[in-house]
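User: Hi! Could you walk me through this one? I'd like to start with a single residue and work outwards.

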Amino acid sequence: MRLSHLIACTTALTVPFAAVAQDSFPSETVEVVTHSGAGGGTDMTARMMMRSVSPILGEDMVVVNRPGGSGAVAMDYVEERPEDGHTVLVYTSSHAVTQAKNGASEAQNLIPIARGTNDPQILFTRCEEFDDTQTFLDAQEDESLDYGVTHVYNIDGISAFLFAEAAGLQRPDIVSFEGGGDLITNLVGGNVDVAVLNYGEAASQVEAGNACPMVVMGSEPVATIPDTPTSDSLGIDADFATSRGFAVAEGTADEVVETLRSAFMEGMQTEEYGEFLTSQGLDDSSIADSEAWGEQMNSLVSRMSSALQELGYTN
């Protein structure tokens, strides 16, 4: 057989094989790894995403909870898994803090897929405690209040410190709790003055008239509490949100990454996922593509690094 015929035959055999290899993803259950326990906001976001994305991928998806080390355990787990797209990390500010503590100035070793939620930090008080937002702020000019958070050196604690600093208030006394449910219970019970939470974590107590939002840390009002002032409207430079998005390990094949990006963006545009966002006081502006999410991941690490230095936690 002439060489030209041999090359032609080889090409005819290898091209379909490559196509089959690319089309075979996913070929097994896709693990979605979170650093939170079952029932938390991150876990809930993962499960709602999966309900919409799994049918598009045509494969089962399962949550793998790997708590510990402010996201370090979850990242280590992803790093140990094959770089084949079957392991997806739910990346949050916790992971950004951990990377910043380790000296990073941007997100490392991960490829962004999409953002699922962008949930502003909100300061809640007991409804009978303050007449309005201005009274709440005035009370902190000369006296520190007890701020309840779920993580001290994470978005909750950092946003509490930096909000007070930007507003020219006394530095808050931080009290840490196990989770949002525990924190809102202690706020209503009078054990802390302020709770730093996302709307979804406090929704039931807001509806019951027990907890009242004082400030949304951002530039846009929250749809479910449109009359609550934003930090921007108050002239306070404190824009903080709990962002939850998805990423895979660096080294994952380009075609696999693109398959995931397409499926995630399509799935999170469904009515069911939209209803989930609405239930959390959010809208479809929470959803962002890989480019915007990648930029935000890098910004999160950079901002956390600066904040930790300012607070004296790192050099």
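Analyst: Happy to. Leaving aside its neighbours within four places in sequence, Thr 150 is in contact with Asp 156, Ser 176, Phe 177, Gly 179, Gly 180 and Leu 183. Keep in mind that this is a predicted model.

User: Where does Thr 150 lie?

Analyst: Thr 150 sits in the loop between E5 and helix H6 (155-167).

User: Buried or exposed? I mean Thr 150.

Analyst: Thr 150 has a relative accessible area of 12%, and the cut-off for buried is under 20%, so Thr 150 counts as buried.

User: Which side chain makes a polar contact with the side chain of Thr 150?

Analyst: That of Asp 156, at 2.4 Å.

User: You listed Gly 180 and Leu 183 as contacts of Thr 150. Which residues of helix H7 are buried?

Analyst: Both of those are, and they are joined by Ile 184, Asn 186 and Leu 187; H7 spans residues 180-188. Looking down the axis of H7, the buried residues fall within an arc of 160°, so they line one face of the helix.

User: What covers the buried residues of H7?

Analyst: The cover includes strands E4 (110-126), E5 (146-149), E7 (194-197) and E8 (211-217), along with helix H8 (199-207). After H7 comes Gly 190, with a positive phi near 85°.

User: Switching helices: which residues are buried in H3?

Analyst: In H3 (residues 72-80), they are Ala 74, Met 75, Tyr 77 and Val 78. Those residues cover an arc of only 155° around the axis, which puts them on the same side of H3. Glu 79 and Glu 80, on the other side of H3, are exposed.

User: And what covers the buried residues of H3?

Analyst: Among the elements doing so are strands E1 (30-34), E2 (61-65), E3 (87-91) and E9 (241-249), plus helix H4 (93-101).

User: Now the core. Which members of the largest nonpolar core touch the most other members?

Analyst: Out of 47 residues, those are Leu 89, Tyr 91, Leu 123, Phe 136, Tyr 147, Ile 158 and Phe 163. Not counting residues up to four places away in sequence, Ile 158 touches Val 97, Val 152, Tyr 153, Met 304, Ala 307, Leu 308 and Leu 311. Another core, of 29 residues, lies apart from the largest one and includes Phe 25, Val 248, Phe 264 and Phe 276.

User: Last topic: how many cavities of 30 Å³ or more are there in the whole structure?

Analyst: The search finds one, with a volume of about 40 Å³.

User: What lines the largest cavity?

Analyst: Its lining is Gly 41, Thr 45, Thr 117, Asp 119, Arg 244, Phe 276, Gln 280 and Leu 282. Helix H2 (41-57) and E4 are the elements that give two or more residues to that lining.

Methods:
Residues are numbered from 1 along each chain as its sequence is written. This is a predicted model: local features need pLDDT of at least 70, side-chain atom pairs count only at pLDDT 80 or more; totals for chains, interfaces and linings use all residues. Side-chain values use heavy atoms; hydrogens and water are left out. Buried means under 20% relative accessible area, exposed over 50%, partly exposed in between (1.4 Å probe, protein chains only). Helices (H or I, at least four residues) and strands (E, at least two) are DSSP runs, numbered from the N terminus. The arc is that of the directions from the helix axis to the C-beta atoms. Contact means heavy atoms within 4.5 Å. A polar contact is a pair of N or O atoms within 3.5 Å; within protein, one must be able to donate a hydrogen and the other to accept it, and residues adjacent in sequence count only if both atoms are side-chain atoms. A nonpolar core is a set of buried Ala, Val, Leu, Ile, Met, Phe, Trp, Tyr and Cys residues joined through side-chain atoms within 4.5 Å. On a 1 Å grid over the protein atoms alone, a cavity is a set of points where a 1.4 Å probe fits but cannot get out, and a pocket is an open set with protein on both sides within 12 Å along at least five of seven lines; lining residues have an atom within 4 Å of a point. Grid points are joined across faces, edges and corners, and a volume is the space filled by probe spheres set on the points.
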